[in-house]
Amino acid sequence: MDRKDKKSELELLSEAFNVFNTATEKLQDSYQKLKEETEKLRREIEEKNKQLEETSSLLSSVLMSTQSAIVAISKDREIILSNKKFEYFYCKYKDEFINKICEYRENGSYEFEIGKSTFRVHVGNFKHSDVEGWTYSIEDITHLKELEEEHRRDEHLKSMGVMAANIAHEIRNPLGSIELFASLLARDLKNDKEKRVLIDSVLKGVKSINNTISNILLFTKEVTLSKKEYYLADIVDDVVLYLRHLMNDKKIKFINKIDDDFKIYCDSELMKQVFMNLIHNAIDAVDANGEIRIYCKQEEKFDVIVVEDNGCGIDEEFIKKIFIPFHTSKTKGTGLGLSIVYKIIKAHSGNIYVESDGQSFTRFIIKLGRC
Ligand SMILES: Nc1ncnc2c1ncn2[C@@H]1O[C@H](COP(=O)(O)OP(=O)(O)OP(=O)(O)O)[C@@H](O)[C@H]1O
Ligand SMILES: [Mg+2]
């Protein structure tokens, strides 16, 4: 190799070295940039993950604290997600709860019942990854239904009241004449024993119709209260005095657990009518040697008075209509007693509830506000 060739080889080598150096510098540059990019991305991902965690924890606490029960159920009935309220219902009603909601597979809102509770369920679909199913949001609307029922009953009572007042008015006038003529006849037939018996039964019938009409008018009249504080025991004692002979006839055990110092703020005459009707009904309901119990307790906002008996009970369907006038199972009943009771309790801004198993007991629970 001559000198010239050697030189160009060296030049080439140096050129190549320079290129290599520049490339290495560029590579280092790019590597540095990549490192910085990666670090930036890592920080962004970390930030996003944090945000995701926060959102997910917010969602989960919203889900857990919501008053509705929420559950997502897959097509093969696996619970994918649920909240506390759902777990509460599930604990209470077990599989019956799941079976009921799984009946609904179309989007929309539905109502269903379990025992005495009513629920509203809103149904939707979900698809997540490869899982498909339904989401259910469920509320217990039993109380709402009770309020609706109460409102319906009040409206019904109002319209019945107007009708009953008209009927009572129409009957009362001719009845007055019948009573007057029958009394005149009775006076004339004083010495005719046979006819006197007949006229006496006319008078008895008139008295009974009059009694019914008084009840109807009582039911239709606006209740005006004259409220004071009374010992409940005094009110109950007065009523029991009046009904004692009926209880004795049937050898009924009357258990009075009213505390001597328990006071209620009420119209005492009207409240006497309440207990008169309730205890009278209980007397009719129990067999000989039956038991009637009355007791009271104080709740946070209410005075609670309970009249219960171990008689024939009232079935569920009958209970729904029990405060509506003229619902009676008795041949000689007017079916007005409890509607009057209801009206008086409502006028006291109170409430009355019935519990019964339909065969062995009935419990009337009165709740009165304290002012
Ligand atoms: N303690 C009870 N146990 C069982 N059934 C009852 C009881 N109280 C009320 N009932 C049922 O409710 C019905 C309605 O009672 P309500 O007092 O309104 O009318 P009634 O007793 O039939 O007639 P009245 O107008 O003479 O009171 C009764 O006929 C009875 O079937
Ligand atoms: Mg009655």
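## A tour around ligand 1

Start by selecting ligand 1 and Asn281: an oxygen atom of the ligand sits 2.8 Å from an N or O atom in the Asn281 side chain. Keep in mind as you click around that this is a predicted model.

Next, add Lys330. One of its polar side-chain atoms is 2.7 Å from an oxygen atom of ligand 1. Then bring up Asp309, where an N or O atom of the side chain lies 2.9 Å from a nitrogen atom of ligand 1. Now switch on a surface: on its own, ligand 1 would expose 590 Å², and the protein buries 90% of that. The space that ligand 1 takes up is the largest pocket.

Now widen the selection to the whole shell. There are 21 residues around ligand 1, and those coming nearest are Asn281, Thr328, Ser329, Lys330 and Thr334. Colour the shell by class and you should get 9 nonpolar, 10 polar and 2 charged residues.

Time for the cartoon view. Pick out helix H7 (268–285), helix H9 (337–347) and strand S12 (362–369), each of which supplies at least two shell residues. Which element gives the largest share of the shell? That's H7, with 3 residues.

Last stop: leave the ligand and select residues 24–58. The unreviewed UniProt entry places a "coiled-coil region" there. In the model this span is 100% helix and 0% strand. Put a distance label between the C-alpha atoms at its two ends, and it should read 50 Å.

Methods. Residues are numbered from 1 along each chain as its sequence is written. Chains are lettered from A and ligands numbered from 1 in the order in which they are written. This is a predicted model: local features need pLDDT of at least 70, side-chain atom pairs count only at pLDDT 80 or more; totals for chains, interfaces and linings use all residues. Side-chain values use heavy atoms; hydrogens and water are left out. A residue is near a molecule or strand if one of its heavy atoms lies within 4 Å of it. A polar contact is a pair of N or O atoms within 3.5 Å; within protein, one must be able to donate a hydrogen and the other to accept it, and residues adjacent in sequence count only if both atoms are side-chain atoms. Accessible areas come from the Shrake-Rupley method with a 1.4 Å probe; for residues, only the protein chains shown count as cover. On a 1 Å grid over the protein atoms alone, a cavity is a set of points where a 1.4 Å probe fits but cannot get out, and a pocket is an open set with protein on both sides within 12 Å along at least five of seven lines; lining residues have an atom within 4 Å of a point. A molecule sits in a cavity or pocket if more than half of its atoms lie within 2 Å of its grid points. Helices (H or I, at least four residues) and strands (E, at least two) are DSSP runs, numbered from the N terminus. Ala, Val, Leu, Ile, Met, Phe, Trp, Tyr, Cys and Pro count as nonpolar, Asp, Glu, Lys and Arg as charged, and the others, Gly among them, as polar. UniProt positions are given in the numbering used here, feature names are shortened, and annotations may be inferred rather than shown by experiment.
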